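This report describes secondary structure, sheet pairing and helix packing, and then the contact between chains. The structure is shown first.

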Amino acid sequence: MQDDSAELVACIPRLRRYARALMRDVAGADDLVQDTMERAWRRLASWRRGAAMRPWLFGIMHNLHVDRLRKAGLSTVELDEDTPQPVAAAHDTLELRDLQTALASLAPGQREVLLLVALEEMSYEEVAATLAIPLGTVMSRLSRGREKLRAQMEGRPVAAPLKVVK
Amino acid sequence: MNPQLVREAELHAYADGLLARARGADVEAWLARHPADMERLQAWRLQNRQLRALFDPVLGEPVPPAMSAPPHWASPPWRLAQRLAAALLIALTGAAAGWILRGASPRAAQYAQGLPHQAALAHAVYSPEVRHPVEVGADQEEHLVKWLSKRLGAPLRAPHLGTLGYELVGGRLLPGESGPVAQFMYQDAGGQRLTLYVSSGQPNNRDTGFRFAQEGQLGVFYWIDGKLGYALSAGVSKNELAKVAAAVYEQLDAAH
């Protein structure tokens with residue numbers, strides 16, 4: 001029990017890094033980690049000893065995050081395409097901030113896969129287990145997410161769906 | 001496996017260092033013959049490095065104690081009761097305050113209560129915008145300020161918060177409860193956004209000190225100065241927001 005608790009606590013910085021990348025908003029991200037930890041503490045007893053903790057724990061966060069996105073979807077307001085678009089100032093193009101902006105433009109599912117691979121360095125199988133999706137879906141989301149990010153960073157329109165290289 | 005054919009999934013696995021070593025040579029041979037794939041693969045690796053550069057600093061931040069403390073196992077119902085009690089208290093206090101203020105000056109009370117709420121709402125709506133955060137960008141600051149001043153019927157200024165790490169993104173005109181409202185948006189290097197909501201509808205010209213309101217995750221500092229009501233909103237700590245609010249207040253005050 002003591003070891004499990006220590007292992008759980010040791011995961012917090014990584015949960016925070018992932019949440020911060022998922023959400024941008026610092027307070028919201030820490031809130032997500034807090035809720036994840038509360039749920040994890042409660043379920044720690046039922047966590048199967050010997051199973052990998054990371055997919056279990058990040059899976060809890062994923063479920064909470066998806067719940068929030070659903071709720072948030074009700075109260076956000078989308079602007080239409082006619083809204084005048086501000087011209088990006090020259091000092092606006094710090095590369096890392098662009099990356100964050102581009103990251104925020106990915107579909108949530110693509111963002112999750114990309115971040116678990118890039119930040120957590122999970123294997124694709126672990127990502128599939130964490131998000132409870134098939135391996136094929138992991139690969140297609142990774143591929144689309146990376147290409148969309150690349151297109152945005154290069155400032156060109158997002159290309160049509162990729163052809164499969166055979 | 002056919003050494004001539006490399007699948008998309010294998011390119012990703014190679015970029016992430018997840019491909020079986022035996023297959024590596026095949027992928028390298030493929031990349032030598034397919035420069036476009038090579039270019040994509042290098043871009044993916046750069047993305048991985050940049051994402052880590054951007055977010056790894058979070059790993060070094062001190063963990064808030066509440067996160068690592070196990071909750072009180074036996075008492076979830078008590079926690080719920082506590083939350084309900086807290087919510088009820090807030091509701092009652094709000095109602096009581098509204099009642100008392102209403103007795104004094106109904107319009108002023110309504111206004112003072114509405115200001116942080118309207119500001120928080122506008123912040124919540126516009127600050128997550130990626131493509132359209134503002135109507136007029138900071139590159140046209142002079143035009144922006146002139147335009148908003150004209151619409152609000154009062155000389156406005158967009159405070160400069162660069163010393164606190166926040167740069168002006170731009171601004172927009174919004175409908176308020178009693179007329180047009182201006183919203184200036186700022187952003188720091190980490191993408192944290194802050195909005196200054198300026199309303200000209202203050203009915204009684206009665207100045208107030210700083211007040212603070214918490215709207216969910218958002219903190220709002222607000223005050224009334226002459227004809228204008230100001231509300232500064234951001235999802236940052238109360239102390240950090242207070243620093244920014246003080247700077248805004250000083251700059252606007254100096255301009256009088």
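Two strands pair if DSSP finds at least two bridges between them. Helices (H or I, at least four residues) and strands (E, at least two) are DSSP runs, numbered from the N terminus. The model is predicted: local features need pLDDT of at least 70, side-chain atom pairs count only at pLDDT 80 or more, and totals for chains, interfaces and linings use all residues. Residues are numbered from 1 along each chain as its sequence is written, and chains are lettered from A and ligands numbered from 1 in the order in which they are written.

**Sheet of chain B**

Chain B contains eight helices and seven strands. The seven strands of an open sheet lie in the order β1-β2-β3-β4-β7-β6-β5 (chain B), with antiparallel pairing. Its edge strands, β1 (136-137) and β5 (211-215) of chain B, each pair on one side only. β5(B) and strand β6 (residues 218-225) of chain B run antiparallel and are joined by five bridges; within this pair, A213(B) stands opposite V220(B). Helix α7 (residues 141-152) of chain B packs on the sheet. Contact means that C-beta atoms, placed from the backbone, lie within 7 Å, and α7(B) touches the following strands.

| Strand touched by α7(B) | Residues |
|---|---|
| β1(B) | 136-137 |
| β2(B) | 167-176 |
| β3(B) | 179-187 |
| β4(B) | 193-199 |

**Helix packing in chain B**

Axes are lines fitted to C-alpha atoms, for helices over the stretch in contact, and angles run from 0 to 180 degrees between N-to-C directions. Helix α1 (residues 8-15) of chain B packs against helix α2 (residues 21-33) of chain B at an angle of about 110 degrees, and their axes are 11 Å apart. The two helices are therefore roughly perpendicular, a term that covers 65 to 115 degrees. E10(B), L11(B) and Y14(B) of α1(B) meet R23(B), G24(B) and V27(B) of α2(B).

**Chain A and the contact between chains**

Helix α8 (residues 135-153) of chain A has 19 residues and should span 27 Å at 1.5 Å a residue (times one less than its number of residues), which agrees with the 27 Å between its end C-alpha atoms. Among its buried residues (20 or more other C-beta atoms within 10 Å of their own) are V138(A), R141(A) and L142(A). After α8(A) comes G155(A), with a positive phi near 70 degrees.

The contact between the chains takes 51 residues from chain A and 48 residues from chain B. On the side of chain A that touches chain B, α3(A) gives the most, with 11 residues.

Note on methods:
A residue is buried if 20 or more other C-beta atoms lie within 10 Å of its own, exposed if 12 or fewer, and partly exposed in between; C-beta atoms are placed from the backbone. Two residues are in contact if their C-beta atoms, placed from the backbone, lie within 7 Å. Angles under 35 degrees count as roughly parallel, over 145 as roughly antiparallel, 65 to 115 as roughly perpendicular and the rest as oblique.
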